[in-house]
Amino acid sequence: MISLRLFKNMSIPDKNECNNLIYNNFGNNILYDNVLVYIKNNKIIAVIVINNNDNTLNQICTNIEYRRRGIATELIESAKKLLKKPIYLNIEKHLNYNYLIDFFMKRGFKIESETTEKFIMKYN
């Protein structure tokens, strides 16, 4: 089940699950107001942070036990329906960015620009 939630209104255990997923994937746990979560067996197994102010997707991650099952794709497709276009995302170059660029290009995103630190991708 996919659910859009305001982070500030989530229960402490749900906030902790989101923070742990993000920390384990990114080494930080910065969250914004809106969080799109994928829930299985009453547990948050994937999260995507949505910033409605600038139509940006951030910190997309799936529990390692549930990867390669289309869950991240389902979250991205749900986010596409919620946000106005264009939708942006950033891919930092110190991550496995070649895999990530390919992943997002297959889902309709295109590289809009590049800096020394990151790629900025856009979905129309």
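These notebook entries record what I looked up in a predicted model.

**Entry 1. Cysteines**

I began with the cysteines and asked how many disulfides the model holds. The count comes to zero. I then asked why Cys18 forms no such bond. The closest cysteine sulfur to that of Cys18 belongs to Cys61 and is 8.3 Å away, which is too far for a bond. A disulfide requires two cysteine sulfur atoms within 2.5 Å. Seen from the other side, the sulfur of Cys61 has that of Cys18 as its closest cysteine sulfur, again at 8.3 Å. I also looked up whether these residues are buried or exposed. Cys18 is buried, with a relative accessible area of 0%, and Cys61 is buried at 3%.

**Entry 2. The second largest pocket**

I turned next to the second largest pocket, whose volume is about 190 Å³. I noted the residues that line this pocket: Glu17, Asn20, Leu21, Asn24, Asn25, Lys43, Ile44, Thr62, Asn63, Ile64 and Arg67. Which element gives the most to the lining? Helix H1 does, with five residues. Helix H1 covers residues 12-26, and strand S3, covering 43-51, also supplies at least two residues of the lining. I sorted the lining by residue type and found three nonpolar, five polar and three charged residues.

**Entry 3. Aromatic rings**

I searched for aromatic pairs and recorded five in the structure. One of them joins Tyr97 and Phe119, with ring centres 5.3 Å apart. The planes of Tyr97 and Phe119 meet at 40 degrees, so I entered the pair as tilted. Tyr97 belongs to helix H3 (residues 97-105) and Phe119 to strand S7 (residues 118-123), so this pair ties together parts that are 22 residues apart in sequence. The two residues also have their accessibility on record here: Tyr97 is partly exposed at 26%, whereas Phe119 is buried at 8%.

A further aromatic pair is that of Phe103 and Phe104, which is edge-to-face. Their centres lie 5.1 Å apart, and the angle between the planes is 85 degrees. Phe103 is buried at 14% relative accessibility, and Phe104 is buried at 6%. I then followed the ring pairs onward and found that they link Tyr99, Phe103, Phe104, Phe109 and Tyr123 into a cluster.

**Entry 4. Lysines over rings**

I looked for charged side chains placed over ring faces. Lys93 lies over the face of Phe119, at 4.9 Å from the ring centre. Lys15 takes such a position over Phe7, at 5.3 Å from the ring centre.

**Entry 5. Backbone details**

I checked the backbone last. Which residues does a cis peptide bond join? I found Lys85 and Pro86, with omega at about 5 degrees. Pro86 sits in the loop between helix H2 (71-82) and strand S5 (87-92).

I also looked for positive phi values in residues other than glycine. Gln59 has a phi near 45 degrees and is placed in strand S4, residues 56-62. Arg68 has a phi near 65 degrees and lies in the loop between S4 and H2. Is each of these residues buried or exposed? Gln59 is buried, at 13% relative accessibility. Arg68 is exposed, at 75%. I compared these values with the cut-offs, by which buried means under 20% and exposed over 50%.

Technical notes:
Residues are numbered from 1 along each chain as its sequence is written. This is a predicted model: local features need pLDDT of at least 70, side-chain atom pairs count only at pLDDT 80 or more; totals for chains, interfaces and linings use all residues. Side-chain values use heavy atoms; hydrogens and water are left out. Buried means under 20% relative accessible area, exposed over 50%, partly exposed in between (1.4 Å probe, protein chains only). On a 1 Å grid over the protein atoms alone, a cavity is a set of points where a 1.4 Å probe fits but cannot get out, and a pocket is an open set with protein on both sides within 12 Å along at least five of seven lines; lining residues have an atom within 4 Å of a point. Grid points are joined across faces, edges and corners, and a volume is the space filled by probe spheres set on the points. Helices (H or I, at least four residues) and strands (E, at least two) are DSSP runs, numbered from the N terminus. Ala, Val, Leu, Ile, Met, Phe, Trp, Tyr, Cys and Pro count as nonpolar, Asp, Glu, Lys and Arg as charged, and the others, Gly among them, as polar. Rings of Phe, Tyr and Trp (its six-membered ring) pair if their centres lie within 6.5 Å; planes under 30 degrees apart count as stacked, over 60 as edge-to-face and the rest as tilted. A charge sits over a ring if NZ of Lys or CZ of Arg is within 6 Å of the ring centre and within 35 degrees of the ring normal.
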